[in-house]
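I sat down with this entry to go through its fold, its sheet and a few backbone details. My notes follow in the order in which I looked things up.

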Amino acid sequence: MAFFSFFKRSTEDEQKTLDEGLDKSKQSLLSRIGHAIAGKTTIDDEVLDNLEEALIASDVGVETTLQIIERLQTRVKRDKYVNTDELNRIMVDEICQMLEENTRTQEQNNDLEDQHKPYVIMVVGVNGVGKTTTIGKLAWRYKQAGKNVYLGAADTFRAAAVEQLCIWGERVGVPVIKQQQGSDPASVAFDTLQSAKANNADVVLIDTAGRLHNKVNLMNELTKIKQVMKKVVPDAPHEVLLVLDGSTGQNAFEQARQFAAATQITSLAVTKLDGTAKGGVVIGISNEMKIPVRYIGLGEKMEDLQIFQREPFVRSILGID
């Protein structure tokens, strides 16, 4: 059974986790939308202007907000009379269509892990965004799907990063390949892939350091890791996953742009969405970066890392059952 088929099975528990994790974002957004349409029965220019302010204030981002407003204007013009009671439903339709149009590759690589053995994921992101925790939860998910998983502790810049990854390895029950602090990260990645191949691993997750204060060094380090991995697995990495902290709102946009400039990013994970009102940032990042948001983090439990699915996410954040 393909991992993503396993991972994407919709359950009531997953929907509950999604709704609870996005509750603060939903309450904040619905409150702003409520103010935008107060006293109005139809969606007119004033409502759209107010809605524009509400979406920007909810961290959806200026560019994405303007696209949403433009789509709503077209919808209102086409449908002639649109009641404000229908606004959230219409927004779900338009936002989902917009995201589908702008991230057409969202679903294309879902079963790549069955085509490559081992399937190699290089994980990048600055310290504190939940990168190592995301790796641990992904390792657990892959193991639950019956995969043989290896972790590579190539963030050798911080001793705490290696220790944290080892703790996750013990918790999940998967091996962690590591070297001493300060070792060459590319050497760790090389050793990890060699061990993984020798032991018939299905999936390899490589942790890396994220030091954006010197982007040239970061770019050189990530490039070297990629080149060295190809000596063991010629087409590795098969995925470069950027982890972003959703609770930082617009700062997550800037991190995404900087990492995209430093290396080729193929997928995104947006973490720490529970307990924040900034969940709208997922819509903006998914739309503007043209890089698919693959995972969202909604809590501390292993199962609180979910595959991002456009419609359930948008319906949840807009309070549509």
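**Overall build**

I began with burial, and found that 56% of the 321 residues of the protein chain count as buried, where buried means under 20% relative accessible area, exposed over 50%, and partly exposed in between, with a 1.4 Å probe and protein chains only. I note that this is a predicted model, in which local features need pLDDT of at least 70 and side-chain atom pairs count only at pLDDT 80 or more, while totals for chains, interfaces and linings use all residues. Residues are numbered from 1 along each chain as its sequence is written, and side-chain values use heavy atoms, with hydrogens and water left out.

I then listed the secondary structure, which comes to 13 helices and eight strands in the protein chain; these are DSSP runs numbered from the N terminus, helices being H or I of at least four residues and strands E of at least two. The radius of gyration is 21 Å, close to the 20 Å that the globule rule gives for 321 residues, so the protein chain is as compact as a globular protein of that length. That radius is taken over C-alpha atoms, and the rule is 2.2 Å times the number of residues to the power 0.38. Along its principal axes the C-alpha trace spans about 65 × 40 × 30 Å.

I looked at contacts next, meaning heavy atoms within 4.5 Å: among those in the protein chain with a separation of 6 or more, 77% are between residues 24 or more positions apart. The accessible surface is about 13,700 Å², and carbon and sulfur atoms hold 45% of that area, as computed by the Shrake-Rupley method with a 1.4 Å probe.

**The sheet**

I traced the strands and found that eight of them form an open sheet in the order 3-2-4-1-5-6-7-8, with mixed pairing; two strands pair if DSSP finds at least two bridges between them. The edges are strand 3 and strand 8 (305–307), each of which pairs on one side only.

Which residues of strand 2 point one way, and which the other? I found Val149, Leu151 and Ala153 on one side and Tyr150, Gly152 and Ala154 on the other, all of them buried. Six of the six residues of strand 2 (residues 149–154) are buried, so this strand is largely enclosed by the rest of the structure. Strand 2 runs parallel to strand 4 (residues 203–208), to which six bridges join it, and Gly152 has Ile206 as its bridge partner there. Two bridges join strand 2 to strand 3 (residues 176–177), again in parallel, with Val176 as the bridge partner of Leu151. Further along the sheet, strand 5 and strand 6 pair in the parallel sense over five bridges, and Leu244 stands opposite Val270 in strand 6.

**Backbone details**

I checked for cis peptide bonds and noted one between Lys117 and Pro118, with omega about 0°; Pro118 is in the loop between helix 6 (87–102) and strand 1 (119–124). Another joins Ala236 and Pro237, with omega about -5°, and Pro237 is in the loop between helix 10 (215–230) and strand 5 (239–245).

I also looked up positive phi values in residues other than glycine. Asp59 has phi near 70° and lies in the loop between helix 4 (45–57) and helix 5 (62–79), where Asp59 is buried at a relative accessible area of 9%. Lys272 has phi near 60° and is placed in the loop between strand 6 (267–271) and helix 12, but Lys272 is partly exposed, at 35%.

**Two helices**

Is helix 12 (residues 281–288) mostly covered or mostly open? I found it mostly covered, with eight of its eight residues buried, including Val281, Ile283 and Glu288. Just after helix 12, Lys290 takes a positive phi of about 55°.

My last look-up was Gln164, which sits in helix 8 (residues 159–172) and is partly exposed, with a relative accessible area of 30%. Leaving out residues up to four places away in sequence, Gln164 touches Thr132 and Thr133. Between Gln164 and Asp202, 38 residues apart in sequence, I noted a C-alpha to C-alpha separation of 23 Å.
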